[in-house]
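Let's take a walk through a small piece of molecular architecture together. Have the structure open and turn it around as you read.

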Amino acid sequence: MPYDKKLHLICGLLISLLVGLYDPAYGLSAGVAAGIAKEVYDYYDYGLFDTKDMLFTWAGALIGTCLCMIAQI
């Protein structure tokens with residue numbers, strides 16, 4: 001897995017974990033929003049919207065949300 005994709009995965013995971021400790025649904029929403037926001041920023045900054053980067057951020061957010069849900073059981 002490329003280093004950039006690992007960073008996206010980890011950032012999505014951390015965002016959803018931190019927000020998800022309050023409410024897992026908010027954590028997932030925050031991770032998804034962060035993935036979209038980062039790629040929109042990249043598009044306007046240097047003209048590239050990388051869908052794979054966004055999907056890796058979302059995957060991390062999903063993993064983080066699952067971990068939060070398991071922790072609440």
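We'll begin with the overall fold and then zoom in on a few residues.

Before anything else, keep in mind that this is a predicted model. So what is the protein built from? You'll find three helices and zero strands, and reading along the sequence gives you the pattern α-α-α. Helix α1 covers residues 3-20, helix α2 covers residues 24-46, and helix α3 covers 51-72, with a loop between α2 and α3.

Now for the overall dimensions. If you drew a box around the C-alpha atoms along the principal axes, it would come to roughly 45 × 25 × 15 Å. The radius of gyration is 12 Å, which agrees with the value near 11 Å that a compact globule of 73 residues would have. Of those 73 residues, 27% count as buried. The accessible surface adds up to about 4800 Å², and 74% of that belongs to carbon and sulfur atoms.

How does the chain meet itself? Take the contacts between residues at least 6 apart in sequence: 69% of them join residues at least 24 apart. For one pair of residues to look up, try Ala 25 and Cys 68. They are 43 residues apart along the chain, and their C-alpha atoms are separated by 9.6 Å. Ala 25 is found in helix α2, and it counts as partly exposed because its relative accessibility is 47%, which falls between the 20% and 50% cut-offs.

Next up, charges. The protein has 4 positive and 7 negative ones, and the mean positions of the two groups are 8 Å apart. A search of the whole structure turns up four salt bridges. Which residues are linked in a network of salt bridges? They are Asp 4, Lys 5, Asp 50 and Asp 53.

Let's go through that network using Lys 5 as our guide. Lys 5 counts as buried, because its relative accessibility is 12% and the cut-off for buried is under 20%. One partner of Lys 5 is Asp 4, with the closest N and O atoms 3.8 Å apart. Asp 4 itself is partly exposed, with a relative accessible area of 35%.

Another partner is Asp 50, whose side chain meets that of Lys 5 in a salt bridge at 3.3 Å, N to O. Asp 50 lies in the loop between α2 and α3 while Lys 5 is in helix α1, so this pair ties together parts that are 45 residues apart in sequence.

Then there's Asp 53, which forms a salt bridge with Lys 5 at 2.6 Å, N to O. This pair also links distant parts of the chain: Lys 5 is in helix α1 and Asp 53 is in helix α3, 48 residues apart. Is Asp 53 buried or exposed? With 5% relative accessibility, Asp 53 counts as buried.

Finally, look at Glu 39, which is found in helix α2. Glu 39 is buried yet has no salt bridge. The nearest side chain of opposite charge belongs to Lys 38, and it is 4.8 Å away, whereas a salt bridge needs the atoms to be within 4 Å. Which residues does Glu 39 touch, leaving out those up to four places away in sequence? The answer is His 8, Leu 48, Phe 49, Asp 50, Asp 53 and Met 54. You've already met two of those names: Asp 50 and Asp 53 belong to the salt-bridge network with Lys 5.

Technical notes: Residues are numbered from 1 along each chain as its sequence is written. This is a predicted model: local features need pLDDT of at least 70, side-chain atom pairs count only at pLDDT 80 or more; totals for chains, interfaces and linings use all residues. Side-chain values use heavy atoms; hydrogens and water are left out. Helices (H or I, at least four residues) and strands (E, at least two) are DSSP runs, numbered from the N terminus. The radius of gyration is taken over C-alpha atoms; the globule rule is 2.2 Å times the number of residues to the power 0.38. Buried means under 20% relative accessible area, exposed over 50%, partly exposed in between (1.4 Å probe, protein chains only). Contact means heavy atoms within 4.5 Å. Accessible areas come from the Shrake-Rupley method with a 1.4 Å probe; for residues, only the protein chains shown count as cover. Lys and Arg count as positive and Asp and Glu as negative; His and the chain ends are not counted. The place of a charge is taken as NZ of Lys, CZ of Arg, CG of Asp or CD of Glu.
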